[in-house]
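Please look over the sequence and the model below, and then follow the paragraphs that come after, which move from a single residue to the parts that surround it.

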Amino acid sequence: MNDPFFLPVSAMEMPRYAGIPTFMRLPHVGLDDARLSEVQIGLIGVPWDSGTTNRPGPRHGPRQLRDMSSMLRAENGATRVRPFELANCADLGDVSPNPADIQDAMGRITRFYTRVLEAGIVPLTAGGDHLTSLPVLRAVAENAPVGMIHFDSHTDLFHSYFNGMMYTHGTPFRRAVEEGLLDPKRVCQIGIRGSTYDQEDRDFARSVGIRVIPIEEFHARGVEDVMAEAREIVGQGETYISYDIDFIDPAFAPGTGTPEIGGPNSYQALQVVRELKGVKVVGADLVEVSPPFDSAGGTAYLGATVMFELLCIIAEQVAARA
């Protein structure tokens, strides 16, 4: 059993609607807190959406995700994993972004995550739009490129927007490959769909060896088969997990900036994460929850539940290394 300090507040002691909301009702441990060195998994908010090109709002995602995560309990009902007893987990707070300067904001994010990693903490991020992943990867992959399993309806592999704007939520993984943060031959993108302007992103993926699994193939093959291939692609090397909430069909997750019809249902959304067992996860994010498009919070509740599933996978790995 872990130190009780790191266990979530029980709803039997304080109702879910009471108290200061933190991720999953965990203790808040800032980067200057004396107990930071005891944290093994850190949940972090990045309230930033300056890379958004159409419907804004993911800057408000971390706050709503924290609120809805109060619904989560101590044990995974499907896998029986009790993550808070396997690893010391804490809410490390939010990165303070610069909403007026993309480059400065990315620098702030990278510096925050560098401190987290230097403390030996595995980061689990709540975005923010998908550009958030790039500055996080700059910290995670500082010493060597990592693999990635990416759940999304878009590849985010475009070269640029609006005649040369290189940093948007549609370009982070193109930049990550170019910067040597991702090993493209160890990258698998799952769920890609929707209408397109052209095939530029798919052409780039083929040219560098990224495996793109479109939604038609996902539905035809099923979760277990697709995820077996994804695990084979990343192998035993260090791997980052990036989960865009628009991977899920908007019937289940309408609160996002760029919804695409025809995606997985909410059960499949959890299944794919459970199939990550055995992947060496060095960091993960859940991005693009946009509360203005689902003010009741159903999308955020689904997003928080995906984060809990990711936490279970990471906690088992942390416990196995102990």
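Does Gln268 count as buried or exposed? In this predicted model, Gln268 has a relative accessibility of 19%, and because buried means under 20%, Gln268 counts as buried. The residue is found in helix H9, which covers residues 266-274, and, not counting residues up to four places away in sequence, Gln268 touches Phe218, His219 and Val223.

Helix H9 gives this residue its setting. Alongside Gln268, the residues Ala269, Leu270, Val272 and Val273 are buried in H9, and the buried residues of the helix pack against strand E4 (146-151), helix H7 (215-221), helix H8 (223-234), strand E7 (238-244) and H10. At the start of H9, a side-chain oxygen of Asn265 reaches to within 3.1 Å of the backbone nitrogen of Tyr267.

Two of the H9 residues lead on to Tyr243, which, leaving aside its neighbours within four places in sequence, is in contact with Ala269 and Val272, and also with residues including Phe151, Ile248, Val273, Asp285, Leu286 and Val306. Tyr243 belongs to the largest nonpolar core, a set of 57 residues in which Phe151, Ile190, Tyr243 and Leu276 touch the most other members. Helix H10 (residues 298-321) supplies the largest share of this core, 13 residues. Apart from this core lies another, of 42 residues, among them Leu31, Val136, Ala176 and Leu181.

Strand E4, one of the elements against which H9 packs, pairs with E5 in the parallel sense over five bridges, and within that pairing the bridge partner of His150 in E5 is Gln189. Strand E5 spans residues 182-192, and nine of its 11 residues are buried, so the strand is largely enclosed by the rest of the structure.

A parallel pairing is also found between strand E1 (residues 41-46) and E2, which are joined by five bridges, with Cys89 in E2 as the bridge partner of Ile41. Why can strand E2 (residues 89-94) be called largely enclosed by the rest of the structure? Five of the six residues of E2 are buried, and it is therefore largely enclosed.

Both E1 and E2 are among the elements that receive the buried residues of helix H3, which pack also against strand E3 (122-127) and helix H4 (133-140). Helix H3 (residues 102-118) has 17 residues and reaches 24 Å from its first C-alpha to its last, close to the 24 Å expected at 1.5 Å a residue. Its buried residues are Ala105, Met106, Ile109, Thr110, Phe112, Tyr113 and Val116, and seen down the axis of H3 they fall within an arc of 165°, so they line one face of the helix. The general background is that an α-helix has 3.6 residues a turn, so residues three or four places apart point the same way. The face of H3 turned away from the buried side carries the exposed residues Arg111 and Glu118. At the start of H3, a side-chain oxygen of Asp101 reaches to within 3.0 Å of the backbone nitrogen of Gln103, and the helix is followed by Gly120, whose phi is positive, near 80°.

As a counterpart to Gln268, consider Ser207, which is found in helix H6 (residues 200-208) and, at 56% relative accessibility, counts as exposed. Ser207 and Arg80 are 127 residues apart in sequence and 42 Å apart in space, C-alpha to C-alpha.

Methods. Residues numbered from 1 in each chain as written. Predicted model: local features only at pLDDT ≥ 70, side-chain atom pairs only at ≥ 80, totals over all residues. Heavy atoms only, no water. Helix = DSSP H or I, 4+ residues; strand = E, 2+ residues; numbered from the N terminus. Buried < 20%, exposed > 50% of the residue type's maximum accessible area, 1.4 Å probe, protein only. Contact = heavy atoms within 4.5 Å. Pairing = 2+ DSSP bridges. Core = buried A, V, L, I, M, F, W, Y, C linked by side-chain atoms within 4.5 Å. Expected span 1.5 Å × (residues − 1). Arc of directions from axis to C-beta. Polar contact = N/O pair within 3.5 Å; in protein donor to acceptor, adjacent residues only side chain to side chain.
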